[in-house]
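User: I would like a close look at one strand and its neighbours in this protein, then a walk outward to the rest of the chain. Please keep it plain.

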Amino acid sequence: MELMSHSSTFLLPKVTSEDRTSITYTLVILNQSLPKFAPLLWDHAKLRVCADGGANRVYDEMSMLLPHEDSFYVRTRYKPDLIIGDLDSIRKEVLDFYKDLGTKINDESHDQDTTDLHKCVTYIRDLTPNIDVSTVLSTCLLKDFFPWWQICILVTGALGGRFDHEIGNINVLCRFSDTRIVLLSDDSLIHLLPRTHRHKIYIQSSIEGPHCGLVPIGMPSGSTTTTGLQWDLNDTEMRFGGLISTSNIVKEEIVTVQSDSDLLWTISIKKL
Ligand SMILES: Nc1ncnc2c1ncn2[C@@H]1O[C@H](COP(=O)(O)OP(=O)(O)OP(=O)(O)O)[C@@H](O)[C@H]1O
Ligand SMILES: Cc1ncc(C[n+]2csc(CCO)c2C)c(N)n1
């Protein structure tokens, strides 16, 4: 079984330029307060997408996160590449402002069966050329340490709000389980650990942990085995209504996970 590596290096305030080249992601901004690290994520993203009302948040809140910079300059500098959604939450002045600056607008109001985040992920996946994953991996000697060449989508404002939206956001992880998607809030991050791989999670202890959780999603897990946690699982069964691993604690720099079902991995983000 192939190994999949995970690391939250995108949240590190200072990383070397060499590290940066290995971090390639698209940023999606949802319609909730911007996290304090939004400018950092924005600056290093390859593509910046707002889901409908997420554009209001960039327009209204980015300058508050950059109090030493001129607010009009911040507004024009932090211009989304793309706004996607049913456009029922973005304000007209915000839509017109970004349209005039050249932002591409995708009105998908005809689709009332998928969420704005779902629409964003579909669009981003369709943009990305279909790279032959196995060829790239087999020619990459450092594949264990440079996993971020793969397409990765970081999503801000995904957690800690309306519960139907939160569950809808988690459902997007399951719907697109072959795409690396990380849901973020100021307090925690969540991503999927697909059952098709064994997983090595490099803990960035300066910015994340120690609280963490492993939760089966969609179906029970007959067997999960971990290392690096205070309460490791050893061929353990997990199911909703039975045991799930919440309030666990990271104990080592590397956590490994192997399971017969897709699991959600969640870890706390430290208040700096
Ligand atoms: N309170 C929230 N908690 C978590 N995610 C949210 C929340 N509000 C919005 N989102 C996310 O941001 C996206 C865009 O938000 P927006 O408010 O524009 O959506 P919407 O489809 O108009 O919502 P509504 O269900 O209120 O009509 C949503 O699809 C959802 O993924
Ligand atoms: C069974 C069912 N439940 C809810 C909705 C409503 N809905 C789901 S996603 C979406 C778009 C939000 O921007 C809306 C309105 C539906 N269509 N089907």
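Which residue stands opposite Ile83 in E4?

Analyst: Cys50 is the residue opposite Ile83 of E4. This is a predicted model, and what follows should be read as a description of that model.

Strand E4 covers residues 82–85, and its side chains alternate: Leu82 and Ile84 point one way, while Ile83 and Gly85 point the other way. Burial does not separate the two faces, since all of these residues are buried. Strand E3, residues 47–51, runs parallel to E4, and 3 bridges join the two. The pair of Cys50 and Ile83 belongs to this side of the picture. E4 also pairs with strand E5, residues 104–107, again in the parallel sense, here over 4 bridges. Within E5, Asp107 is the bridge partner of Gly85. To get from E4 to E5 the chain passes through helix H5, residues 92–101, and this β-α-β crossover is right-handed.

Now the ligands. Ligand 2 has Asp86, Gln112, Asp113, Thr114, Thr115 and Asp116 around it. Sorted by class, that shell holds 3 polar and 3 charged residues and no nonpolar ones.

Ligand 1 has 22 residues around it, of which Leu30, Asn31, Asp52, Gly53 and Gly161 come nearest. Two helices, H6 (116–127) and H8 (163–175), are the elements that give two or more residues to this shell. The largest share is that of H8, with 4 residues. By class the shell around ligand 1 is made up of 12 polar, 6 charged and 4 nonpolar residues.

Elsewhere in the chain there is an open sheet of 5 strands with mixed pairing, in the order E1-E9-E14-E11-E12. Strand E1 (3–7) and strand E12 (236–238) each have a single partner strand, so they stand at the edges and one side of each is left without a neighbour in the sheet. On average, neighbouring strands of this sheet are turned by 30° against each other, direction ignored. At the E1 edge, the partner is strand E9 (residues 198–202), and the two pair in the parallel sense over 5 bridges. One residue pair there is Met4 with its bridge partner His199 in E9.

The other edge strand, E12, is preceded by a loop that starts after strand E11 (221–227), and Asp235 lies in that loop. Asp235 has a positive phi of about 55° although it is not a glycine. Asp235 counts as exposed because it has 9 C-beta neighbours inside 10 Å, and the cut-off for exposed is 12 or fewer. Ser247 also has a positive phi without being a glycine, at about 50°. Unlike a loop residue, Ser247 is found in a strand, E13 (residues 245–249). Ser247 is exposed because 9 other C-beta atoms lie within 10 Å. Another backbone feature is the peptide bond from Gly209 to Pro210, which is cis, with omega near 0°. Pro210 is part of strand E10 (residues 208–216). These features deserve a second look because most residues other than glycine have a negative phi, and most peptide bonds are trans.

Towards the end of the chain, Lys270 lies in the segment after strand E15 (263–269). Lys270 counts as partly exposed because it has 14 C-beta neighbours inside 10 Å. Apart from neighbours within four places in sequence, Lys270 is in contact with Ile207 and Glu208. From Lys270 to Gly54 the C-alpha to C-alpha distance is 24 Å, and the two are 216 residues apart in sequence.

Finally, the whole protein. Its secondary structure comes to 8 helices and 15 strands. Of its 272 residues, 34% are buried, and the four residues of E4 described above are among the buried ones. Among contacts between residues at least 6 apart in sequence, 69% join residues at least 24 apart.

Definitions and conventions
Residues numbered from 1 in each chain as written. Chains lettered and ligands numbered in written order. Predicted model: local features only at pLDDT ≥ 70, side-chain atom pairs only at ≥ 80, totals over all residues. Pairing = 2+ DSSP bridges. Axes fitted to C-alpha atoms, helices over the stretch in contact; angles between N-to-C directions. Near = placed C-beta within 6 Å. Nonpolar A, V, L, I, M, F, W, Y, C, P; charged D, E, K, R; others polar. Buried ≥ 20, exposed ≤ 12 C-beta atoms within 10 Å, placed from the backbone. Right-handed = clockwise from strand over helix to strand, strands pointing away. Contact = placed C-beta atoms within 7 Å.
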